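Thank you all for coming; I would like to take a few minutes to walk through one model with you, going slowly enough that everyone can follow along. Please have the picture in front of you while I speak.

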Amino acid sequence: MVHEYRDRIYIRKDILLKLYEYGELNQTRLMSYCGLNNVKHKGILDDMVKKEMIIRTEEPWGNKTIIKYRVSEKGSDILREILEPYESLFPRGEMEKGHDNNDGFINK
């Protein structure tokens, strides 16, 4: 199975879109729906929380804690005003003539 490189901006957009679509997701499900690795990509989630793009909550569940995420108002604005126009200008999977920009993962 071959995995193509996905630029960090598209990873962020995918995270925001999934959270917007589902409202709230636990960390495992969010990472799975976005095709991300829990260990490798956790820093992106942390950065998005720090920048107030998404909101992280913790819920006790027995002797464990479930981490859940949802889109913040700022995240919704960024998705609508920046990330959607960015993808229309630079669609995923499109290759510049003679130059592989390696930003395609999911073709829409």
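Let me begin with helix α2, whose buried residues pack against α1, β1, α3 and β3. Before going further, I should say that what you are looking at is a predicted model, and the values I quote are computed from it.

The buried residues of α2 are Gln-27, Leu-30, Met-31 and Cys-34. Around the helix axis they cover an arc of only 95°, and therefore they sit on the same side of α2. If you wonder why such a pattern can arise, remember that an α-helix has 3.6 residues a turn, so residues three or four places apart point the same way. On the face of α2 that is turned away from the buried side, you will find the exposed residues Thr-28 and Ser-32.

The two ends of this helix are also worth a look. At the N-terminal end, α2 is capped by Asn-26, which has a side-chain oxygen 3.2 Å from the backbone nitrogen of Thr-28. Just after α2, at the other end, comes Gly-35, which takes a positive phi of about 70°.

Now let me pick out single residues of this helix. Gln-27 lies in α2, and because its relative accessibility is 13%, it counts as buried, the limit being under 20%. What does Gln-27 touch, once we leave aside its neighbours within four places in sequence? Gln-27 is in contact with Asn-38, Lys-42, Leu-45, Ile-67 and Tyr-69. With the same neighbours left aside, Leu-30 is in contact with Ile-15, Lys-18, Leu-19, Leu-25, Leu-45 and Tyr-69.

Leu-30 brings us to the core. The largest nonpolar core has 20 residues, and those touching the most other members are Ile-15, Leu-16, Leu-19 and Leu-30. The elements that give two or more residues to this core are α1, α2, α3, β3 and α4, and its largest share, four residues, comes from α1.

So let us turn to helix α1, which covers residues 8-22. At 1.5 Å a residue, its 15 residues should span 21 Å, and its end C-alpha atoms are indeed 21 Å apart, which agrees. Its buried residues are Tyr-10, Ile-11, Arg-12, Lys-13, Asp-14, Ile-15, Leu-16 and Leu-19, and you will notice that charged side chains such as Arg-12, Lys-13 and Asp-14 are in that list. These buried residues of α1 pack against β1, α2, α3, β2, β3 and α4. Just after α1 there is Gly-23, with a positive phi of about 85°.

Next, please find His-41, which is placed in helix α3. Is His-41 buried or exposed? With 15% relative accessibility, His-41 counts as buried. Leaving aside neighbours within four places in sequence, His-41 is in contact with Ile-11, Met-31 and Leu-36. His-41 can also be set beside Arg-8: they are 33 residues apart in sequence, and their C-alpha atoms are 9.8 Å apart in space.

Past α3, in the loop between α3 and β2, is the place of Glu-52. Glu-52 has a positive phi of about 60° although it is not a glycine. With a relative accessible area of 52%, Glu-52 is exposed, since the limit is over 50%.

Finally, let us step back to the whole protein chain. It has four helices and three strands, and from the N terminus on they run α-β-α-α-β-β-α. Of its 108 residues, 34% count as buried. Among contacts between residues at least 6 apart in sequence, 52% join residues at least 24 apart. The protein chain exposes about 7400 Å², of which carbon and sulfur atoms supply 51%.

Technical notes
Residues are numbered from 1 along each chain as its sequence is written. This is a predicted model: local features need pLDDT of at least 70, side-chain atom pairs count only at pLDDT 80 or more; totals for chains, interfaces and linings use all residues. Side-chain values use heavy atoms; hydrogens and water are left out. The expected span of a helix is 1.5 Å times one less than its number of residues. Buried means under 20% relative accessible area, exposed over 50%, partly exposed in between (1.4 Å probe, protein chains only). Contact means heavy atoms within 4.5 Å. A nonpolar core is a set of buried Ala, Val, Leu, Ile, Met, Phe, Trp, Tyr and Cys residues joined through side-chain atoms within 4.5 Å. The arc is that of the directions from the helix axis to the C-beta atoms. A polar contact is a pair of N or O atoms within 3.5 Å; within protein, one must be able to donate a hydrogen and the other to accept it, and residues adjacent in sequence count only if both atoms are side-chain atoms. Accessible areas come from the Shrake-Rupley method with a 1.4 Å probe; for residues, only the protein chains shown count as cover.
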